[in-house]
Amino acid sequence: MASFTLQGIPVSRGIAIGRAHLLRPAALEVQHYLVGQEQVEAEVLRLQNALAEAERELQKIWSDLPADAPSELGAFLDVHSLFLSDPMLAQAPLEIIRTRHYNAEWALVTQIDVLLAQFDEIEDDYLRERKADIEQVADRLLKLLTGSATTLPPNAGVDELNTHMIVVARDISPADMMQFQDSAFVGFVTDEGGRSSHTAIVSRSLGIPAVVGMGNASHLIQQDDWLIIDSVAGVVIVAPQQIILDEYREKQAAIQRFRKKLAKLKKTSAVTKDGTPITLLANIELPEHAAAANEVGASGVGLFRSEFLFMGRDGILPSEEEQFEAYRATVQAMKGRPVTIRTLDVGADKPLDEADVATLNPALGLRAIRYCLAEPQLFLTQLRAILRASAFGKVNILIPMLSHLFEIDQTLAMVAQAKQQLILQGIAFDADIKVGAMIEVPAAALSLPMFVKKMDFLSIGTNDLIQYTLAIDRADYAVAHLYDDVHPAILQLLAMTVAAADKAGIPVAICGGMAGDIKLTRLLLGMGFRELSMPPAQLLEIKQEVMNIDLLLFNPIIKKILRSYEPEVIAEGIRALQLL
Ligand code: PEP
Ligand code: MG
C-alpha cells in the first residue's frame with residue numbers, strides 16, 4: 001500500500017507509532033424500517049429504555065472518574081446528560097415513531113439530522129463543537145439500540161502481535177476517551193475537533209499524542225494500517241515506508257532521552273546564556289508536595305496554596321497547631337530554601353464547604369483576603385501559625401486578591417497583631433518576615449504605587465488576572481475559548497507590574513499558569529521577569545529553555561510586542577523570539 005500523509009491540528013505533543021484501530025460511528029449501520037401500529041408503543045419504549053440506559057452509563061462514568069481526572073471531564077459529562085434530557089432529543093424522536101411509524105434508530109437519526117442542520121447554520125467554532133456533543137450522544141444511544149459494544153475489551157490497545165494501536169475515529173467523546181486512560185492505545189486521530197475541543201483537552205491532560213480535525217481520515221485509513229502520529233507537526237503518516245518508520249522510532253527514542261537528560265539538570269543553575277540568573281520555584285498545594293519540588297531542584301516554593309489544608313473537612317478548620325505543623329514540615333523539607341505561603345484563598349471556585357457556593361457570583365464575591373478580613377480570628381490563627389513556622393526556615397507571607405489600600409493596611413495591621421501575640425507568649429518567629437501581595441485583580445495592577453510602597457514583594461497570579469481582566473469565569477468551559485494569556489491588555493498589566501516593582505526595588509514573581517508555559521518563557525524573561533513559580537513537573541523543561549536564552553538579543557522584539565495591540569503582531573513577535 002502506498003504511503004500518504006494527512007494534516008490536522010496538533011493537540012498534545014509527542015510521537016506515537018502503532019496500527020490503526022477504527023471506531024466506526026454507529027449511525028453508519030442504522031437500519032430503516034416501518035413498524036406496525038401495534039408495535040409503535042414497544043418501539044417507543046425501546047428508545048426510552050436506551051435514553052435511560054445512556055444516562056446510567058454517563059452516571060457510571062461520572063462515579064468511576066479517578067480523583068486526578070481532568071476537571072473538564074465532569075463538565076463534558078454534564079453537557080451530555082443535559083442533551084439526553086432535552087425534549088429535542090428525549091421527546092421529538094418518540095413523536096416521530098408515533099406519527100410516522102419509523103423504527104427507533106431511524107426516528108433518532110432523523111431528529112439528529114434536523115438538530116445538526118440547525119448547527120450547520122452557525123459560524124462560531126465553539127458552537128460547532130457542541131454539535132459534536134450531540135453526535136456523540138446520538139452515537140451512544142444508537143449503540144445501545146443496536147446492541148453494539150461501547151466499552152473496550154480488557155486487552156484493548158494491542159493486537160495479537162502485541163503491537164500498540166492508535167484509535168482512529170470520526171470523533172471520540174471525552175467520556176469514552178476516559179476508557180483509554182489505562183488501555184494500551186498510544187494515540188488518537190479524529191476527523192472532527194479543534195484546538196479547544198473536548199478530545200483535544202482530554203488527550204492533553206492524559207499526555208497522549210493526538211491530532212484532531214483531520215477531515216476524513218477515518219475513511220482514508222483502514223483497520224490495522226501502520227500509522228505514525230507526529231503531534232508536534234500535526235501530521236499522521238499512513239502506511240509509512242520502513243525508512244520513515246525507523247526515522248520516527250529514532251525521534252521517539254530521542255524524546256525519551258530528552259526527558260532523561262532533563263532530569264540531569266536538577267542541580268544546574270538556571271542562568272541564561274548572557275549570564276542572567278533566573279529563579280525557578282515550585283507551586284505546591286500540600287506539605288507532601290515539597291518532595292516533588294525538591295526532586296526537580298526547585299529554588300524554593302513560590303506558592304503554597306494553603307487553602308488545601310482547609311478544604312474537604314466538613315467545615316472543621318485546622319487548628320493553629322495543625323497548621324503550624326504543616327507549614328513547619330514544608331519549611332524543613334525545603335532545607336533552607338524559601339517557602340512562600342499564601343494565606344487562605346477560599347470562596348469562588350474553591351469553596352470551603354459546598355454550601356458556600358450559592359452566592360450570586362462567587363468569583364466576584366467574598367473570596368481570599370476579603371474572606372479573611374471578614375473572619376479575623378481565622379486569619380489571625382493562620383498568620384500565627386505561619387509566623388511560628390518562620391522560626392524554622394525562610395518563610396514569606398503572600399496575600400491573595402488584594403485590591404484596596406484599606407485591605408493592605410488591615411492585613412499588615414493583623415500581621416503586626418499576630419506578631420505581638422507571639423511576642424507576649426514568648427514564641428519565636430522571624431521578625432523580618434516579608435509580606436507580599438498577589439497581583440491578580442486588574443485594580444491592583446493599575447494602582448501599583450499603592451502596593452510597592454507597603455509590600456515587600458509582588459507575585460502575579462495570571463490565572464485570576466486573566467479571569468478578571470477578560471471577564472471570563474475560569475471555571476466555565478463555555479467561555480474557555482476566550483482565554484488569551486497574550487491579550488494586549490494582559491501584556492500591558494504584566495509590563496506595568498514588572499516596571500513598578502523594578503522601580504521600587506522589590507522582587508516580583510509570576511506564580512500563575514503563564515510561568516509554567518514554555519511557549520511564554522522567552523516573552524516573560526524578555527519583559528524583565530526573573531522569578532517564575534510553576535508546577536514541579538514543568539520546572540526542568542523551563543530550566544532548559546532558560547539556559548538557551550540570550551536576553552541581549554530580545555529587546556527590539558519585546559518592544560514591538562509591547563507596543564502592539566494587534567494579536568497577529570504579538571503572535572509573530574512571540575514566534576520570532578523562539579528563533580533567537
Ligand atoms: C493565580 O490566580 O494565577 C494563582 C496563582 O492563584 P490560584 O490559581 O490559586 O487562584
Ligand atoms: Mg489566584
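Is glutamate 440 buried or exposed? Glutamate 440 is buried, with a relative accessible area of 1%. The legends below describe views of a predicted model.

**Figure 1. Overview of the protein chain in the predicted model.** The chain holds 23 helices and 16 strands. Of its 580 residues, 52% are buried. Among contacts with a separation of 6 or more, 70% are between residues 24 or more positions apart. The accessible surface of the chain comes to about 26100 Å², and carbon and sulfur atoms hold 55% of that area.

**Figure 2. Close-up of the magnesium ion (ligand 2) and its protein donors, Glu440 and Asp464.** Glu440 contributes through OE and Asp464 through OD, at 2.0 to 2.2 Å from the ion. The two donors connect distant parts of the chain, being 24 residues apart. Glutamate 440 belongs to the loop between β13 (434-439) and α16 (442-445), whereas aspartate 464 is part of helix α18. Because its relative accessible area of 1% is under the 20% limit, glutamate 440 is classed as buried. Aspartate 464 is likewise classed as buried, at 3%.

**Figure 3. Surroundings of aspartate 464 in helix α18 (residues 462-469).** Once neighbours within four places in sequence are set aside, aspartate 464 is in contact with Arg367, Glu440 and Arg474. With arginine 367 there is a polar contact between the two side chains, at 2.9 Å. Arginine 474, another of these partners, is located in the loop between α18 and α19 (488-504). Its relative accessible area is 33%, so arginine 474 counts as partly exposed, while aspartate 464 is buried at 3%.

**Figure 4. Residues carrying the UniProt feature "binding site", with the lining of the largest cavity.** An unreviewed UniProt entry places this feature at Arg305, Arg342, Asn463, Asp464 and Arg474. The lining of the largest cavity includes Arg305, Arg342, Asn463, Asp464 and Arg474. Two of the annotated residues appear in the preceding view: Asp464, which lies in helix α18, and Arg474, which lies in the loop between α18 and α19.

**Figure 5. Cysteine 511 and the UniProt feature "active site".** According to an unreviewed UniProt entry, this feature falls at His198 and Cys511. From this set, the lining of the largest cavity takes in Cys511. Cysteine 511 is situated in the loop between β15 (508-510) and α20 (521-526). The residue counts as buried because its relative accessibility is 2%. Residues up to four places away in sequence being excluded, cysteine 511 touches Asn283, Leu303, Met438, Ser459, Ile460, Gly461 and Ser533.

**Figure 6. Threonine 343 in the loop between β11 (339-342) and α13 (369-374).** Which residues does threonine 343 touch, not counting residues up to four places away in sequence? The partners are Ser306, Glu307, Phe379, Gln382, Leu383, Ile386, Ile397, Leu398, Ile399 and Pro400. Threonine 343 counts as buried, since its relative accessibility is 0%.

**Figure 7. Leucine 145 in helix α6 (residues 125-146) and its contacts.** Beyond its neighbours within four places in sequence, leucine 145 is in contact with Arg46, Leu47, Ala50, Ala104, Glu105 and Leu108. The C-alpha atoms of leucine 145 and alanine 104 are 7.8 Å apart in space, and the two residues are 41 residues apart in sequence. With a relative accessible area of 10%, leucine 145 is buried.

**Figure 8. Two residues with positive phi, aspartate 224 and alanine 368.** Although not a glycine, aspartate 224 has a positive phi of about 75°. This aspartate is placed in the loop between α9 (217-220) and β7 (226-230). Its relative accessibility is 34%, a value that classes aspartate 224 as partly exposed. Alanine 368, also not a glycine, has a positive phi of about 55°. The location of alanine 368 is the loop between β11 and α13, which is also where threonine 343 lies. Alanine 368 counts as buried, at 0% relative accessibility.

How values were computed:
Residues are numbered from 1 along each chain as its sequence is written. Chains are lettered from A and ligands numbered from 1 in the order in which they are written. This is a predicted model: local features need pLDDT of at least 70, side-chain atom pairs count only at pLDDT 80 or more; totals for chains, interfaces and linings use all residues. Side-chain values use heavy atoms; hydrogens and water are left out. Helices (H or I, at least four residues) and strands (E, at least two) are DSSP runs, numbered from the N terminus. Buried means under 20% relative accessible area, exposed over 50%, partly exposed in between (1.4 Å probe, protein chains only). Contact means heavy atoms within 4.5 Å. Accessible areas come from the Shrake-Rupley method with a 1.4 Å probe; for residues, only the protein chains shown count as cover. UniProt positions are given in the numbering used here, feature names are shortened, and annotations may be inferred rather than shown by experiment. On a 1 Å grid over the protein atoms alone, a cavity is a set of points where a 1.4 Å probe fits but cannot get out, and a pocket is an open set with protein on both sides within 12 Å along at least five of seven lines; lining residues have an atom within 4 Å of a point. A polar contact is a pair of N or O atoms within 3.5 Å; within protein, one must be able to donate a hydrogen and the other to accept it, and residues adjacent in sequence count only if both atoms are side-chain atoms. Donors are N, O and S atoms within 2.8 Å of the metal (3.2 Å for Na, K and Ca); water is not among the atoms, so sites may look incomplete.
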